[in-house]
Amino acid sequence: MSLFQKTAIALARSPGAGRAMRALAARTSLARRFVGGADVEAAVRTAARLREAHGIRASLFYLGEYVADPAAIEHNTQQAMQACAALGRAGLDVHVSIDPTAIGYMRDDALGRGNARRIAAAARQAAGGGRDWVVLDMEDSGLRERTCALHAELLGAGLPAGLTLQARRRRTPVDLAWAIGQRTSLRLVKGAFPERALDHAGRAHIDQAYLDAAAIMLSPQARAAGFLPVFGTHDDRLAGAIMALARERGWGADEFEFEMLYGVRPDWQLALRRLGYAVRVYLPFGADWWPYAVRRVGEHPRNAWLLARSLAAEGDYFG
């Protein structure tokens, strides 16, 4: 992990920095640009606006992670469950993303599994026949096996569970080999905060690993299983290669998704929609946005420019 990334993590975990930046955000567009709302109702309104105006879907994510306090864990779980219910009432995809460390895995795995089941059951109850999934975010390598096991457990219980995998991890093709045989949704990302012993090294190798994983996700076996490929990337070079591969394999433009962070490259999101592709945004909500924003910077130094620009930006997300 680089010095830059270590600094980003320290800033993300600093209560003082968080208080200062939240105060600054009150005078700028920072939080508004990258966060979909302060509460469930505001986030669902944002999701509805994106869907109605642009045909862009959303995955709601409550801002709260790496918590061990039982009250905070229960609060995070309730927020995810309320998001499921509110999305269902609004007639939108009942699609939420959750961090295992937000719902109990920092304290007790059994607690985390139980809370994940509660959230997925709420999603199933609220589902209206759209693309309705509870997608497990992939955190650090110490949680990989437990997150994959939780995904399999939820699917085995008949619950609408999806998973995130990181292309930079060398063992991702092994995890994909099982996942593409399931009726599930899988989000492929490049991956944050590299770990040298576990990862492909260098941008070219990571990009190739991403495309190799995409080829597995767009295989005939995946299609026959009812697997939904989701490509989490802002890289238009990768997106172009995925579009070409999908056409070659006979996948329609709406049979897989591109997913991006809310507030990042909205112009590219709209361009993909004009081409007929399914686009979803990862839409965080809540007040504790500082750790999330700084982690986006830590994932890649170039994201610092996106955040810096937002400090002076005017207008709304698609303004």
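Colleague: In strand β2, which residues point one way and which the other, and are they buried or exposed?

Modeller: This is a predicted model. In it, H95 and S97 point one way from β2, residues 95–98. V96 and I98 point the other way. All are buried. In a regular strand the side chains alternate between the two faces of the sheet.

Colleague: What makes β2 and β3 a pair?

Modeller: Pairing needs at least two bridges. β2 and β3 (residues 133–136) have 4 bridges, in the parallel sense. I98 has L136 in β3 as its bridge partner. Helix α6, residues 109–126, completes a right-handed β-α-β unit with β2 and β3.

Colleague: Why is H151 called buried?

Modeller: The cut-off is under 20% relative accessible area. H151 has 1% relative accessibility, so it counts as buried. H151 is in helix α7.

Colleague: What does H151 touch, leaving out residues up to four places away in sequence?

Modeller: H151 touches L136, A161, G162, L163, W178 and T184. One of these, L136, is also the bridge partner of I98.

Colleague: R146 lies in α7 too. Why is R146 called partly exposed?

Modeller: Partly exposed lies between the buried limit of 20% and the exposed limit of 50%. R146 has a relative accessible area of 31%, so it is partly exposed.

Colleague: How do you know that R146 makes a polar contact with D109?

Modeller: The cut-off for a pair of N or O atoms is 3.5 Å. The side chains of R146 and D109 make their polar contact at 2.9 Å. R146 touches Y105 as well as D109, not counting residues up to four places away in sequence. R146 and P100 are 46 residues apart in sequence, with their C-alpha atoms 9.0 Å apart in space.

Colleague: What puts the buried residues of helix α8 on the same side?

Modeller: In α8, residues 172–179, the buried residues are T172, D175, L176 and A179. They cover an arc of only 100° around the axis, so they sit on the same side of α8. An α-helix has 3.6 residues a turn, so residues three or four places apart point the same way.

Colleague: Which elements do the buried residues of α8 pack against?

Modeller: They pack against α7 (144–156), β4 (161–166), β5 (185–189) and α9 (203–217).

Colleague: Why is β7 called largely enclosed?

Modeller: 5 of the 5 residues of β7 are buried, so the rest of the structure largely encloses this strand. Both faces are covered. E257, E259 and L261 are buried on one side, F258 and M260 on the other.

Colleague: What makes β6 and β8 partners of β7?

Modeller: The requirement is at least two bridges between the strands. β6, residues 228–232, has 3 bridges to β7. β8, residues 278–285, has 5 bridges to β7. Each pairing is parallel. E257 in β7 is the bridge partner of V230. E257 also has A278 in β8 as a bridge partner.

Colleague: Which helices complete the right-handed β-α-β units that include β7?

Modeller: Helix α11, residues 236–249, does so with β6 and β7. α12 does so with β7 and β8.

Colleague: Where is R265, and what is its phi?

Modeller: R265 is in the loop between β7 (257–261) and α12 (266–274). Its phi is positive, about 55°, although R265 is not a glycine. R265 has a relative accessible area of 27%, so it is partly exposed.

Methods. Residues numbered from 1 in each chain as written. Predicted model: local features only at pLDDT ≥ 70, side-chain atom pairs only at ≥ 80, totals over all residues. Heavy atoms only, no water. Buried < 20%, exposed > 50% of the residue type's maximum accessible area, 1.4 Å probe, protein only. Helix = DSSP H or I, 4+ residues; strand = E, 2+ residues; numbered from the N terminus. Right-handed = clockwise from strand over helix to strand, strands pointing away. Arc of directions from axis to C-beta. Contact = heavy atoms within 4.5 Å. Polar contact = N/O pair within 3.5 Å; in protein donor to acceptor, adjacent residues only side chain to side chain.
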